[in-house]
Amino acid sequence: MITRRRTVAGAGALLAALTAGLAFPAGAAADEPTGRDAPKVNLLLDVSGSMRAKDIDGRSRMAAAKQAFNEVLDATPEEVELGIRTLGADYAGDDRKEGCKDTAQLYPVGPLDRTEAKTAVATLTPTGWTPIGPALLEAADDLDGGNGSKRIVLISDGEDTCAPLDPCEVAREIAAKGIGLTIDTLGLVPNAKLSRQLSCIAEATGGTYTSVEHQDELTDRVNELVDRAAEPVVTPVATEGGDRCTQAPTLKSGLYTDRQDFGRQRWYRVDVLPGQELRASVSVAADRAVRPDHGVLMRAVTVHGREIVRGEATGNGRTDVLSTGLRYPKPERDDDEGQPAAETVCLAVTTSFVPGSGVKTTPGLPLELTLDVVDGPGEASDVASFGLGRGWWLLGALLVTGFVAGLLWGWLSRWRFAVWRTH
């Protein structure tokens with residue numbers, strides 16, 4: 001299964017930060033009361049017997065998870081209330097019924113005592129079954145109450161062993177309660193069945209699935225998810241792009257979600273006034289098996305079909321999300337009288353994802369679109385000039401340096417020639 005690199009995680013964090021800026025007034029103070037409770041995160045760790053396997057950078061999966069947890073606990077923001085729940089940590093017997101009850105709260109969700117939490121993590125030993133479904137139900141109950149953001153981060157190396165309590169159905173039930181709880185999943189083994197199950201759990205609540213194979217990837221991803229819980233909650237607006245620009249919805253600054261069908265374009269319209277700048281980015285998630293080589297292209301086009309600017313990215317199967325963006329500054333006009341007319345910019349999103357054999361193509365791939373229409377640069381030098389923008393300063397410095405270097409080299413060559421002739 002595809003593996004998310006830290007760069008992609010960084011891109012996801014940047015996207016969240018940008019969109020958070022769209023949803024809250026710039027004038028609001030950072031410490032201004034919002035009327036929301038503290039964000040809560042429940043780390044749900046698989047401690048089943050298979051976690052003894054030594055295939056993560058030469059160490060056992062359990063050792064890698066412990067180190068990741070210790071680093072995450074050190075980096076957890078003060079405002080986040082964090083808890084830890086385990087599954088498969090206590091019962092080592094063969095009774096399936098008992099094994100499927102094996103989930104316990106290792107550290108209660110609340111203000112974090114880092115020393116106490118680390119001490120609790122140090123006691124864990126790979127033991128029993130993998131009751132993901134029952135553990136998810138209990139983990140959701142741990143987060144009950146309050147109106148702050150709630151997030152479960154599930155880390156597992158194997159499929160649930162307690163069917164018929166399907167963890168996918170459990171996740172859908174949790175989502176149906178409308179309590180605003182997001183479940184993110186991380187798989188420690190590149191296994192197709194595990195990937196499908198963990199992807200399904202995450203998708204049901206609007207979360208993410210990541211396959212990790214290295215220690216630093218695990219630490220970075222869990223850290224990112226904990227940090228994300230502390231960010232202002234931004235609710236994407238569902239929209240549906242058109243098949244052509246004339247049929248596209250007209251959108252304003254904000255965060256939008258859509259579905260990108262395989263082999264089809266999505267079109268959106270944005271109005272940009274003279275003196276404003278359009279900033280747009282799009283992320284498409286491969287939430288199912290796709291062929292390794294794929295790409296995403298975003299183009300800004302006039303209503304007459306002339307391309308203004310484009311952004312594109314290609315993937316090789318190592319990331320779960322592919323993102324690209326573009327910027328279009330519309331210059332002011334001196335001859336405008338009265339209220340200047342807005343220009344309608346058409347945004348076309350095209351992907352080249354190809355589904356794997358036997359993979360369902362409906363619904364389409366999840367698409368997230370971020371739009372921001374802001375005041376353009378105040379000075380002409382800030383706007384791209386002949387494609388160079390502020391690069392003129394560097395170009396000028398290089399020209400002067402080259403000219404001086406040429407004079408010195410010429411003088412030195414003549415002097416050496418003169419010395420050679422006299423000797």
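## Exercises on strands, a helix and disulfides

Strand E1 (residues 40-46) and strand E4 run parallel and are paired over 7 bridges. Keep in mind throughout that this is a predicted model.

**Exercise 1.** Work out how E4 sits between its partners E1 and E5, and whether the residues of E4 are mostly covered or not.

*Solution.* Start on the E1 side, where leucine 44 stands opposite arginine 85 of E4. Now go over to strand E5 (residues 103-110): here the pairing with E4 is antiparallel, over 5 bridges. Isoleucine 84 has tyrosine 107 in E5 as its bridge partner. Last, check burial: E4 (residues 81-87) has 6 of its 7 residues buried, so "mostly covered" is the answer.

**Exercise 2.** Find out where the buried residues of helix H2 fall around its axis.

*Solution.* First get the span: H2 (residues 61-75) has 15 residues and reaches 21 Å from first to last C-alpha, close to the 21 Å expected. Next, list what's buried: Arg61, Met62, Ala64, Ala65, Ala68, Phe69, Val72 and Leu73. Looking down the axis of H2, these buried residues keep within an arc of 165°, so they line one face of the helix.

**Exercise 3.** Track down the disulfides in the whole structure and give their pairing pattern.

*Solution.* The search turns up 3 disulfides. Take them one by one.

- Cysteine 100 bonds to cysteine 162, S to S 2.0 Å. The link is left-handed, with -100° about the S-S bond. Cysteine 100 is in the loop between helix H3 (96-99) and E5, while cysteine 162 is in the loop between strand E6 (150-156) and helix H6 (167-176), so the bond ties together parts 62 residues apart in sequence. Both of these cysteines are buried.
- Cysteine 168 bonds to cysteine 200, S to S 1.9 Å. This one goes from helix H6 to helix H7 (residues 192-204), with the two positions 32 residues apart in sequence terms. Cysteine 168 and cysteine 200 are buried too.
- Cysteine 245 bonds to cysteine 346, S to S 1.8 Å. Here the S-S bond has -55° about it and the link is left-handed. Cysteine 245 is in the loop between E9 and E10 and cysteine 346 is in strand E16, so parts 101 residues apart in sequence get tied together. Cysteine 245 and cysteine 346 are both buried.

Number the bonded cysteines in sequence order and the pattern reads 1-2, 3-4, 5-6.

**Exercise 4.** Decide whether aspartate 258 and aspartate 57 are buried, partly exposed or exposed, and say where each one lies.

*Solution.* You need the cut-offs here: buried is under 20% relative accessible area and exposed is over 50%, with partly exposed in between. Aspartate 258 comes in at 10%, so it's buried. Aspartate 258 belongs to strand E10 (residues 254-260), and its side chain makes a polar contact with that of tyrosine 268 at 2.7 Å. Among the other residues aspartate 258 touches are Arg266, Leu365 and Pro366. Aspartate 57 comes in at 44%, so it's partly exposed. Aspartate 57 lies in the loop between strands E2 (54-56) and E3 (59-60), and has a positive phi of about 55° although it is not a glycine.

**Exercise 5.** Which strands stand at the edges of the open sheet that holds E10?

*Solution.* Write down the order: E9-E10-E17-E12-E15, 5 strands with mixed pairing. E9 (237-238) and E15 (321-329) each have a single partner strand, so they are the edges. Further in, E12 (residues 276-285) and E17 (residues 365-375) run antiparallel, joined by 9 bridges.

Technical notes:
Residues numbered from 1 in each chain as written. Predicted model: local features only at pLDDT ≥ 70, side-chain atom pairs only at ≥ 80, totals over all residues. Heavy atoms only, no water. Helix = DSSP H or I, 4+ residues; strand = E, 2+ residues; numbered from the N terminus. Buried < 20%, exposed > 50% of the residue type's maximum accessible area, 1.4 Å probe, protein only. Polar contact = N/O pair within 3.5 Å; in protein donor to acceptor, adjacent residues only side chain to side chain. Contact = heavy atoms within 4.5 Å. Pairing = 2+ DSSP bridges. Expected span 1.5 Å × (residues − 1). Arc of directions from axis to C-beta. Disulfide = S-S within 2.5 Å. Lists of a residue's contacts leave out its neighbours within four places in sequence.
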